[in-house]
Amino acid sequence: MPEPHEQVILLDEHFHQSGTMDKAVVHSNQTPLHLAFSCYVFNRKGELLITRRALNKTAWPGVWSNSFCGHPQPGESQSDAIARRAAFELGLTISPPELVVPHFQYCVTDASGVMENEFCPIYVAHSDAQPQPNPLEVMEYVWVGIEQVIDAINAVPQVFSPWMALQLQQPELLKRIGALA
């Protein structure tokens with residue numbers, strides 16, 4: 001269930017805001033391009049927090065993914081949106097997020113026909129707190145080494161979100177993650 005009154009920011013082909021749409025109805029088999037973000041949270045040991053999406057999620061239920069994702073609200077900064085979603089999904093307070101990949105876009109469709117079509121900058125943040133997951137968002141989590149995550153994605157890609165697999169091929173993200181290990 002989305003946060004109350006959550007909207008997504010629609011984008012045109014030049015990535016300029018072109019309107020808004022209710023999050024509860026935006027994801028379909030013809031999802032319009034919209035603004036999002038992905039965040040990768042690391043602890044002081046250099047371990048990545050990965051989460052398993054709740055089974056009630058519209059797209060890719062039950063798959064493992066990056067720490068969390070979300071959509072900024074109209075008039076909300078990406079940093080504020082990331083902090084809001086970290087608290088909502090995981091009960092976490094995180095460090096100020098660092099923008100690592102400013103221009104990442106993907107369009108993928110899951111087995112049920114639900115399409116994700118997002119312009120999705122990628123951020124890194126830090127936390128040493130243990131998550132308190134919102135069960136409507138996250139069913140499991142684990143702190144793990146990035147090498148293990150990449151090996152697992154290569155071995156069984158279907159159990160991971162496709163955006164995470166694509167994001168972990170971005171040289172800027174891999175370079176930043178390498179500096180954390």
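**Annotated sites and the largest pocket**

In this predicted model, E89 has a relative accessibility of 7% and therefore counts as buried, since the cut-off for burial is under 20%. The residue belongs to helix α2, which runs over residues 78-90, and the unreviewed UniProt entry marks E89 with the annotation "binding site". When neighbours within four places in sequence are set aside, E89 is in contact with F68, C69, Q132, P133, N134, E137 and V138.

One of these partners, C69, carries an annotation of another kind: the unreviewed UniProt entry assigns the term "active site" to C69 and E118. These two positions span 50 residues in sequence, yet their C-alpha atoms are no more than 11.1 Å apart, so they gather at one spot. Both C69 and E118 also take part in the lining of the largest pocket. C69 is located in strand β7, which comprises residues 68-70, and, with residues up to four places away in sequence not counted, C69 touches F37, S38, R85, E89 and W163.

E118, the other residue under the "active site" annotation in the UniProt record, is placed in strand β10, covering residues 115-119. With a relative accessibility of 5%, E118 counts as buried. Apart from residues up to four places away in sequence, E118 touches H27, L33, H34, A36, H71, F104, Q105 and Y106. With H71 there is also a polar contact, made between the side chain of E118 and the side chain of H71 at 3.0 Å.

A further "binding site" feature in the unreviewed UniProt entry is placed at H27, H34, H71, E116 and E118. Although this set is spread over 92 residues of sequence, its members cluster in space, the largest C-alpha distance being 12.3 Å. From the set, H27, H71, E116 and E118 are found in the lining of the largest pocket.

Two members of this set, H27 and E116, are joined by a polar contact between their side chains, at 3.2 Å. H27 is situated in the loop between α1 (23-26) and β3 (34-35), and its relative accessible area of 16% places H27 among buried residues, because burial means a value under 20%. The contacts of H27, not counting residues up to four places away in sequence, are with H34, T58, H71, V114, M115, E116 and E118; among them, H34, H71, E116 and E118 are covered by the "binding site" feature taken from the UniProt record.

E116 is part of strand β10 and, at 6% relative accessibility, is counted as buried. Its contacts, again without residues up to four places away in sequence, take in H27, H34, A59, W60, Y106, C107, V108 and W163. W163 thus appears among the contacts of E116, and W163 is likewise listed among the residues that C69 touches.

The largest pocket, to whose lining C69 and E118 contribute, holds about 490 Å³ of space. Its lining is made up of 29 residues, and those that lie nearest the centre of the pocket are K23, R53, K57, T58 and E137. Two of these residues have been met above: T58 is touched by H27, and E137 is in contact with E89. At least two lining residues are supplied by each of α1, β5 (48-53), β7, α2 and β10. With 3 residues, β7 gives the most to the lining. Sorted by class, the lining of the largest pocket contains 12 nonpolar, 9 polar and 8 charged residues.

Strand β5, which is one of the elements that supply the lining, also holds T51. T51 is buried, with a relative accessible area of 4%, and a polar atom of its side chain lies 3.0 Å from the backbone oxygen of N66. With residues up to four places away in sequence not counted, T51 touches V63, W64, S65, N66, S67, L90, V138, E140 and Y141. V138, included in that list, is also in contact with E89, the residue of helix α2 described at the outset.

Methods:
Residues are numbered from 1 along each chain as its sequence is written. This is a predicted model: local features need pLDDT of at least 70, side-chain atom pairs count only at pLDDT 80 or more; totals for chains, interfaces and linings use all residues. Side-chain values use heavy atoms; hydrogens and water are left out. UniProt positions are given in the numbering used here, feature names are shortened, and annotations may be inferred rather than shown by experiment. On a 1 Å grid over the protein atoms alone, a cavity is a set of points where a 1.4 Å probe fits but cannot get out, and a pocket is an open set with protein on both sides within 12 Å along at least five of seven lines; lining residues have an atom within 4 Å of a point. Helices (H or I, at least four residues) and strands (E, at least two) are DSSP runs, numbered from the N terminus. Contact means heavy atoms within 4.5 Å. Buried means under 20% relative accessible area, exposed over 50%, partly exposed in between (1.4 Å probe, protein chains only). A polar contact is a pair of N or O atoms within 3.5 Å; within protein, one must be able to donate a hydrogen and the other to accept it, and residues adjacent in sequence count only if both atoms are side-chain atoms. Grid points are joined across faces, edges and corners, and a volume is the space filled by probe spheres set on the points. Ala, Val, Leu, Ile, Met, Phe, Trp, Tyr, Cys and Pro count as nonpolar, Asp, Glu, Lys and Arg as charged, and the others, Gly among them, as polar.
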